[in-house]
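Grab the model and a pencil, and let's work through a few exercises together. Each one gives a task, then a solution in steps.

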Amino acid sequence: MSRIGNKLIAIPAGVSISVSDDNLVSVKGPKGTLTQSVDTDISIEIEGGELKVKRPSEQKRHKALHGLYRSLINNMVIGVETGYKKELEIIGVGYKASAVGNVLELQLGYSHNIFMSIPDELKITTTSEKGQNPKVILEGIDKELIGSVAAKIKSLRKVEPYKGKGIRFVGEIVRRKAGKSAKK
């Protein structure tokens, strides 16, 4: 039994959902519009102010798709209503970040600067306050896109376990290792 798939999705005021004949779900809200293609086996019903995702049988595949599409549609509803935000902090001496338009420039201790183009659907800002680590803030309505871009930025300089230098999410806990111990 899919517990996630059986939950109803409340449709907030200002958000409209439409389902086409070929199971293309379109969610429109104050922040924008998102679309998602849904497997033809899964049926979607809109009743009043709630959306219900149904599966045709108890097959393992149908159970998996049931919960998946319910979560994807719920993420789309939240995205077009309030949006998503991810914050990354850059820890290390001389590590810097700056954003001009949709191009992120990173100085991460390599011999060259890294220029990364960010998709137009996302808004990127950087902050560098005195005494604080530089931060990169990603905002947008597509949760999957923000997560993949944040993971790509993070992979440019992974956090090393001895000094903790690298790129990490704000509030992420990194397990530290002890260095070499002196010989006696």
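**Exercise 1. Work out the strand order of the open three-stranded sheet, and say which strands sit at its edges.**

Solution. Keep in mind that this is a predicted model.
- Step 1: Read off the order, which is β1-β6-β5, with antiparallel pairing.
- Step 2: Look for strands with a single partner. β1 (9–10) and β5 (43–47) fit that description, so each has one side with no neighbour in the sheet.
- Step 3: Now zoom in on one pairing. β5 and β6 (residues 50–54) run antiparallel to each other and are joined by five bridges.
- Step 4: Pick out one residue pair: S43 has K54 of β6 as its bridge partner.

As background, sheet strands pair through backbone hydrogen bonds, in a parallel or an antiparallel way.

**Exercise 2. Compare the two spans that carry the UniProt domain annotation.**

Solution.
- Step 1: Find the spans. The unreviewed UniProt entry places "domain: Large ribosomal subunit protein uL6 alpha-beta" on residues 11–83 and 91–168.
- Step 2: Take residues 11–83. Here you get 30% helix and 36% strand, with 15 Å between the end C-alpha atoms.
- Step 3: Do likewise for residues 91–168. That span has 17% helix and 37% strand, and its end C-alpha atoms are 8 Å apart.

**Exercise 3. Decide whether the chain is spread out or a compact globule.**

Solution.
- Step 1: Count the elements: three helices and 13 strands.
- Step 2: Check the radius of gyration. It comes to 21 Å, while the globule rule gives 16 Å for 184 residues, so the chain is more spread out than a compact globule.
- Step 3: Look at the box around the C-alpha atoms, which is roughly 70 × 45 × 25 Å along the principal axes.
- Step 4: Turn to burial and surface. Of the 184 residues, 35% are buried. The chain exposes about 11400 Å², and 51% of that comes from carbon and sulfur atoms.
- Step 5: Finish with contacts. Among those with a separation of 6 or more, 52% link residues 24 or more positions apart.

**Exercise 4. Describe the surroundings of Q107.**

Solution.
- Step 1: Place the residue: Q107 belongs to strand β9 (residues 103–107).
- Step 2: Classify its exposure. The relative accessible area is 28%, so Q107 counts as partly exposed; the buried class stops under 20%, and exposed means over 50%.
- Step 3: List its contacts. Setting aside neighbours within four places in sequence, Q107 touches G94, Y95, K96 and N113.
- Step 4: Try a distance. V38 is 69 residues from Q107 along the chain, and their C-alpha atoms are 41 Å apart.

Notes. Residues are numbered from 1 along each chain as its sequence is written. This is a predicted model: local features need pLDDT of at least 70, side-chain atom pairs count only at pLDDT 80 or more; totals for chains, interfaces and linings use all residues. Side-chain values use heavy atoms; hydrogens and water are left out. Two strands pair if DSSP finds at least two bridges between them. Helices (H or I, at least four residues) and strands (E, at least two) are DSSP runs, numbered from the N terminus. UniProt positions are given in the numbering used here, feature names are shortened, and annotations may be inferred rather than shown by experiment. The radius of gyration is taken over C-alpha atoms; the globule rule is 2.2 Å times the number of residues to the power 0.38. Buried means under 20% relative accessible area, exposed over 50%, partly exposed in between (1.4 Å probe, protein chains only). Contact means heavy atoms within 4.5 Å. Accessible areas come from the Shrake-Rupley method with a 1.4 Å probe; for residues, only the protein chains shown count as cover.
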